[in-house]
Protein chains: 2
Amino acid sequence: MTSFQDISPDVAPALLPAYRELLPATAEEAAANPSAESLDLAAERARSWLPVEELTAILEGGEDKVAAKQAARKILEDSGLAALKAGLPKYYVPRAEAVANAHARQAALLEAAEGAGLDVTDPKVLYALREHVHDELPTDLQWVMFSPNIGVLFDEEQVAKWKPAADSYAILGAYAQTELGHGSNVRGLQTTATYDPETDEFVIETPDLAALKWWPGTLGKTANYAVVYARLLLNGTDHGIHNFLVPLRDRETHELLPGVYTGDIGPKLGYNMQDNGWAVFNKVRIPRENMAMKYARVTREGEYEPARGASRKLLYSSMLGVRAFIVASSGTELSAAVTIALRYSAVRRQGFKDGSDSDEYAVIEYPLQQFRLFPLLAASYVFKFMGATIHELHEELLTAIEDNSSLAVLPDLHATSSGLKAVCSTIKAAGIEECRLACGGHGYLRASGFPDLYTHGVHHNTVEGDNYMITGQTTKYLLKVFTAAATAGSPDKAREVLDSLSARFQYLGEALALAADKPSPRASAATTSEWRRPETLETAFGHRAAFKLASLASQLRKAVASDGVSQAEAWRVALIEVNQVAWAHSMFVLVQNYFARVAELKTDAAVASILRDLGALFALHQMETHIGDWLEDGYVSAEQAGLVRGAVRELLVELRPHTIRLVDAFDHSDEKLGSVLGRFDGDVYRALFVASSYSTLNKDEPSKVWKATLKDMMDAGARRVGPGMLASSL
Amino acid sequence: MTSFQDISPDVAPALLPAYRELLPATAEEAAANPSAESLDLAAERARSWLPVEELTAILEGGEDKVAAKQAARKILEDSGLAALKAGLPKYYVPRAEAVANAHARQAALLEAAEGAGLDVTDPKVLYALREHVHDELPTDLQWVMFSPNIGVLFDEEQVAKWKPAADSYAILGAYAQTELGHGSNVRGLQTTATYDPETDEFVIETPDLAALKWWPGTLGKTANYAVVYARLLLNGTDHGIHNFLVPLRDRETHELLPGVYTGDIGPKLGYNMQDNGWAVFNKVRIPRENMAMKYARVTREGEYEPARGASRKLLYSSMLGVRAFIVASSGTELSAAVTIALRYSAVRRQGFKDGSDSDEYAVIEYPLQQFRLFPLLAASYVFKFMGATIHELHEELLTAIEDNSSLAVLPDLHATSSGLKAVCSTIKAAGIEECRLACGGHGYLRASGFPDLYTHGVHHNTVEGDNYMITGQTTKYLLKVFTAAATAGSPDKAREVLDSLSARFQYLGEALALAADKPSPRASAATTSEWRRPETLETAFGHRAAFKLASLASQLRKAVASDGVSQAEAWRVALIEVNQVAWAHSMFVLVQNYFARVAELKTDAAVASILRDLGALFALHQMETHIGDWLEDGYVSAEQAGLVRGAVRELLVELRPHTIRLVDAFDHSDEKLGSVLGRFDGDVYRALFVASSYSTLNKDEPSKVWKATLKDMMDAGARRVGPGMLASSL
C-alpha cells in the first residue's frame, strides 16, 4: 500500500502539501483504508476458484522449481543491499546515472550471492538470482556471451587460462563481432589480424570506417577484454574470420591500451544501461597465443593449421541456447505486460453503465478490451510451455554432445528454434505494445512499466538473427526434409523419412499428398465446441503449414525449371513466401506442443479444461486474424469461419472470471514488474501520484527554466499585447 | 557531408584520435571524398526520371504552398539563432536539460518570427514556421488547445479580454480536463466549482485523489493559467461539467498561487520535452467572471442561465480540426520514417550476391524488404491525399459556420474524420516501427531518428479519442444513415437518402441490397492488371464495407429482437464488430479519395500512372493482408486471391527504380528529419560515428563508474580466482 512515506526525498518542499493532503500518511493508515481499486482487485480474486499456486508450479515446471525461485528471491531480500532495490526511482534518472546504478546493482548481486555462500562463478547460480532483478544489467553479456564464447571458441589450455577469470568477474569482456557497415553476414567483416613472425604477434587493425567495431555490449566503457572477430592474414593470404582475445584496458587503471580506442555508441530506444560500444584498433599487438585455437591454430612460423577432430557442433549449441532463451523469455516478458494490463483493466473504470450516471464499467468488461488482451494472456501460457520444451531439447543436445552420442536432435532444434525465435519475439513485442495501448494514457508513463518492457524487449526482434532473415533457416530445413521424402522413391520410403522426425514435422505427410495433387481435406468441425477441441485445432494448423510448404516447393521448382533462374535467385525472389512458411510451421508447433503438454499434466480436470481453453483461444484468435489462409483452399467454409469467431467470443466470456488469477499465477513480484499499474494490491492511483514525486522536474519549484527562458518570453508577449491591456485584463 | 569538425566539443580528449583517424578532417575534404554510401544514393536518384519538385508540389497542394514553405524555412535559417538548430545533441541530454532547450527553441521561434516582421499572434503564421522545427515544443498546446479553447468556450467579452494575451504568449496556458481516475468520459470528472454568493467567487476544489488533474500538457511547471473542467455546484445543485479559467502562478515570480499545487507527472515513453502535469486545487477562489460564459452563465445571485442562441457546433469544429490534423500528420510522420528507411536501405549492403564473396546486395534489393517498406511508402501518399481532403472539408465547415449557412458537411466530416483518425494514426505508428525494424540494429539508436518518431507519434493512438473507442462514432453514423435508407419506405426514397450523401457513402446502396438478401456480387478482375485498376479496387473496398455494415446491422437487430437486450447492451457486446465496420469504411474512403484526387491532377500521364501504382499497391497490399474478408462471401475466388498477391509482387518490381525520388518528394529537410540514417547525402556511417561523440558516457575516459564500482567488483573477482592464477594468465 502506497503512502506519503514513499514520496521522493528530493521533491520540492512547495509541492509536499499536495501529496500530504491526498495520500494516507503511513503504510499502516494506507492498509487500514484500502483504495477502491484495491478492493476491486480483491473482489476479482474472490470470483474464481483457480488454484494459483498449482498453476505457478505448472508454469515453472514443478514445485521444486518454485521453491528454488523463492529461495533465490529471499537471498536478495535478506541481503538488505540497497542497490538491489531499484524501485521507482530507476525510471527517473539521467542515463549516466542509470548506468552507474545498474553497475552497482550487478556488484551488489555478486556480493549478496557470495554472502549467501553461493558459487557465483556458476552461471546457473547467477541466473537464478539475476531473474529477480528488474533492470537490464550492463554486464549481463559477461555470462550470456563473453564467458560461454571463450568456452566454445578457445582450446582447453586457453579455457583453463581465461574462463575462470571471466566467470569470477576478474576481467570484464565484450564480444566484438559486428562492424559499422557489416552486420550479420559474418563473412563480410573487415577488421584484420595480421601475423608478424618477427615478434610472434598478431597486429589487429581497423582498416576503414565501415570496419569500426560497433554495437558490442560493454565494449564502450566497461570491458577490459574483448573477443574480436577479424580476418586472419598470414603472409598475404586471407584465411577468413577468426577470433582473438584482445586486452582493451589496463587492469590497474582501466585506461585504454596503446592503439585501442573505445566509446559508447549513444542512447537507444531502450537498453540504455548497457554501454554498447565502438572500437578502433590502430595496429594493436597481441601475443599469438591470444588467437582462439580450438578450430584452427597458427604456428610460430605462421603456418595455418585447422584443428583435427574439433566438432563445430558446440558452436551451434551456444547459439541455439540463446534462441531457446528468447523463446522462453518471450512468454515471461509478455506475461509481465499482460499482468499489468489485466490488473489495471480490472480497476480502471470508464463509461457509465446503461441507465446510470455514476456507476462505470471496469474496462475489462468491454468485449473489445477482452479481445485485445485475453489472446495475449493465452499466448503467454503457450509461449511458456514452448519455452519449456525448447529448453528440454537444448538440454538433450548438450547431454548428447557431452556423451558423444547421436546429435539427431540438432537439425530439429535448429529449425524449430529459428522460426520460434522470430514468431515468439515478434508477437511478444507487438503484444506488449498492445497491452500498453489498452491502458490508455497511463500506459504511456514510464512508471507504468510498459515503456521499458517494450523498448528493451523489442531488441529481440533484431538480435541473434533478425526476425525476417532467421525464418529462412526453418524453411530451408522443411524443404530439405520435404524433398527427401518426396524423392524417396516409394511411399514406404517417404514414410520412413517422416517417421524419423518428431511430432513437430508429421504434417509433412499432408504436404506430400497436396504436392501429389491429392484433394485438399476439409475441416469437419460444425459447432463452436468442436472448433475448440485440441485435435481440431492441431489438424487445422498442420493443414495450413502443409499447404504453404507444398506451394512454396512448387513455386521454387517452377522458377528454376521454367524461368531458368539459379536456386539462390529463386530463393531470394521467394523470400516473402519463405517467411510465411516458417510462420505457419512455428504456429503449428506452438499449438501442437501446448496441447501435448497440457495432456500430460497431472492436474484437476477442471484446471486442465481452463488450460485447454487458453490454448483454444490462442489458436482460434490466430485463425480469426488470418482466416484467409484457411478459406482460400476451401479447408474452412464461410459458415465455419463464423463458428471460429463465435468460439472466440464464447471463450472471452468463459475465461473472464479467471483472468486475474490466471495472471497472478505468473508470479511476477512487484519489484520485478516495476509498474505502478500492475501492483498486486491494485493501489494504482496512489502509486501513480507517489511516482510523480521522483520526476527530475519536480526538484525545483518554480522551475529554473522559468527564470532562464519563460520570463523573457512572457514579457515579450506582454509587450505585444500592450501594458495597459495586460494590466486591466489579468 | 560529415567530418571531424562536427564532433562534440565535450568528448573526452582520449577518444579524439580515433575520430580523427577515421573521418575526413573538414567539410571540404568530406565533399571531395564522398563515401561509398553517398555515391550509392546519387546512383539511385540517377536511375529514375520522376520530377521530384512537381511531386512535392502535388503533395503540398500547389507550387505556392511549396514556395511559402521554403520561405518559412528560410526565415528560421536566416535568423541565425543557435537555439533553432537542435541538431544531433538533442538526443543525448538528460530530460531536464532537454525541456530547457526546447523552451529556448520556442522562444527563439517567436523571436525569429518577430524579427522577420511577422504577426506571431496569428496561429497560421506560427504553424508555418513551427513545421520546420524537429522537436516537440513544450508550449505547442498554447496554440493547439489553450488559445483556441478560450475562443470557443468563452463569450465575446471574455475572448477580447484573454485571447490576445494567450495568442501573444503573455500568459501560458494548460487545458485541464482529464483526472487521475477519469479519462475521456467527461461526464465522470469530479473536480468541483462551488459558487460562493457572499464573495461572488467560485471555489475550485479537488475532492479526492482520483479527481486530481493529471496529464494536461504544460500544467506541471510551465503554465500560469489553466482552463479547468469542473462540476458546477450552485446552492447544492450539480449542473454538470463547465469550464473555468484558473490562474495558477504569480505573473511576476511564477510562484504557485495559494491553494494551487502543480507538478510534472514524470517521464513517458516519448514526448518528454512536455511537462504533462498534475494539479491539486485546495479551495482556490476565482472571480465569477472566470467561468466560460459562452454556453451558460451564472448570475451574481447564483442563478444558472443557459445562453440563448449559442451554437455548440463550434465546439465540434475545434475537435474536428485536431482530428483532421492527426490524419494529415499521419501521412507526414509516416513519410519521414519511410524516407529514413528507404534511403538507408539503398546504401546498406548485406548478403553476398550469388557467386560473389565481396559484392553484397543493397538491402532494398530484397523482395521481403520491399514488401515491408513499399506499401508504407504508398500509405504515406494515400494519407497525405486524405489529409488534404479532410482539411478542405474542415475549411468548408468553418466557412459555413462563419456564414451561418448549412452545416450539412458536419456529420460527414465527423464520421469520416473519427474513423480515419484511428486508422491513419494506427497504421502510421505501426508503420514507423516497421520502418525502424527494417533497418536492423542501427534503427534502434536514437540518432537514427526512428525512436523519437515512434515514441512521440504513437501518442496519437491514445489522445483525442482512443483509437479503439473513437471508431464507434463512425459506425454509429453509418448505421443511422443505413437505417434511414432501409426504413425510407420505397427504393426511390432510399435513393434520395443516399443521394444526399457524398461519394464516401455511396457503397451503402450495396449494403442495403445485401441486407435485403440480394445475391452478393463477385469480383470480375481476371488478370493482375485488371486488379490494379482504380475502379476494381474501389468496388472491392466498397463491397467489403457494405458487407460488414449489413452484417453488423443484422447482428444488432437480432440481439435486440431475439435476445431481448437493450440497444446499449447490444452495442457494447458488438464492439469488436463495430470497430471492424469503421475500419472497413475508412479503408474504402482512403482508396476512393486517393484515386479521385489523382484523377483530378493536371500532370504527365506517366507521373499519374506511377501515382496510381502507389494507390494500387496500398490497396492490394491491404487486400493481401486481409484477404479473408473478401474470400469469405465469395467476392474473391482462390484464383483471384493469387492474382492479388501477384499484382503486389509486380508493383514492387515496377516501383523499385523510383523509390528514392518518391521519398525525396516528401521534402523532409535533414534538420527536420533528425536522422543520421536518413540524410539526403547518404553519408550514414560517418554521421553515425560523429553522433556517438555526443553520448554523455563519452565525456569522461576512463569512466567514473570504473572507480566507483567496477574496480572493486573486478578486485573481488580476482580474489575469487586467486592472485597467482590471475598474475600468470593475464
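## A salt bridge between the chains

Let's begin with one pair of side chains: R649(A) and E577(B) form a salt bridge, with nitrogen and oxygen 2.9 Å apart. Please keep in mind that the model you are looking at is predicted.

This pair has company, since twelve salt bridges are found across the interface of chain B and chain A. Polar contacts can be counted as well: 57 residue pairs, both members at pLDDT 80 or more, make them across the interface of chain B and chain A.

## What chain B brings to the contact

Helix α27 of chain B, residues 704–721, supplies the largest share of the side that touches chain A, with twelve residues. By residue type, the side of chain B that touches chain A comprises 76 nonpolar, 42 polar and 39 charged residues.

## How much is buried

On each side the count is given by residue: 157 from chain A and 157 from chain B take part in the contact. Together the two chains bury about 13,100 Å², and carbon and sulfur atoms account for 64% of that area.

Which residues of chain B lose the most area to chain A? They are Y444(B), E632(B) and R720(B), and together they make up 6% of what the chain B side buries.

## An annotated stretch of chain A

Now for a look along chain A itself. An unreviewed UniProt entry annotates residues 174–284 of chain A as "domain: Acyl-CoA oxidase/dehydrogenase middle". In the model, residues 174–284 of chain A are 42% strand and 0% helix. The C-alpha atoms at the two ends of this stretch lie 17 Å apart.

Notes. Residues numbered from 1 in each chain as written. Chains lettered and ligands numbered in written order. Predicted model: local features only at pLDDT ≥ 70, side-chain atom pairs only at ≥ 80, totals over all residues. Heavy atoms only, no water. Contact = heavy atoms within 4.5 Å. Buried area = accessible area lost by both parts, 1.4 Å probe. Salt bridge = Lys/Arg side-chain N within 4 Å of Asp/Glu carboxyl O. Polar contact = N/O pair within 3.5 Å; in protein donor to acceptor, adjacent residues only side chain to side chain. Helix = DSSP H or I, 4+ residues; strand = E, 2+ residues; numbered from the N terminus. Nonpolar A, V, L, I, M, F, W, Y, C, P; charged D, E, K, R; others polar. UniProt positions renumbered as here; feature names shortened; annotations may be inferred.
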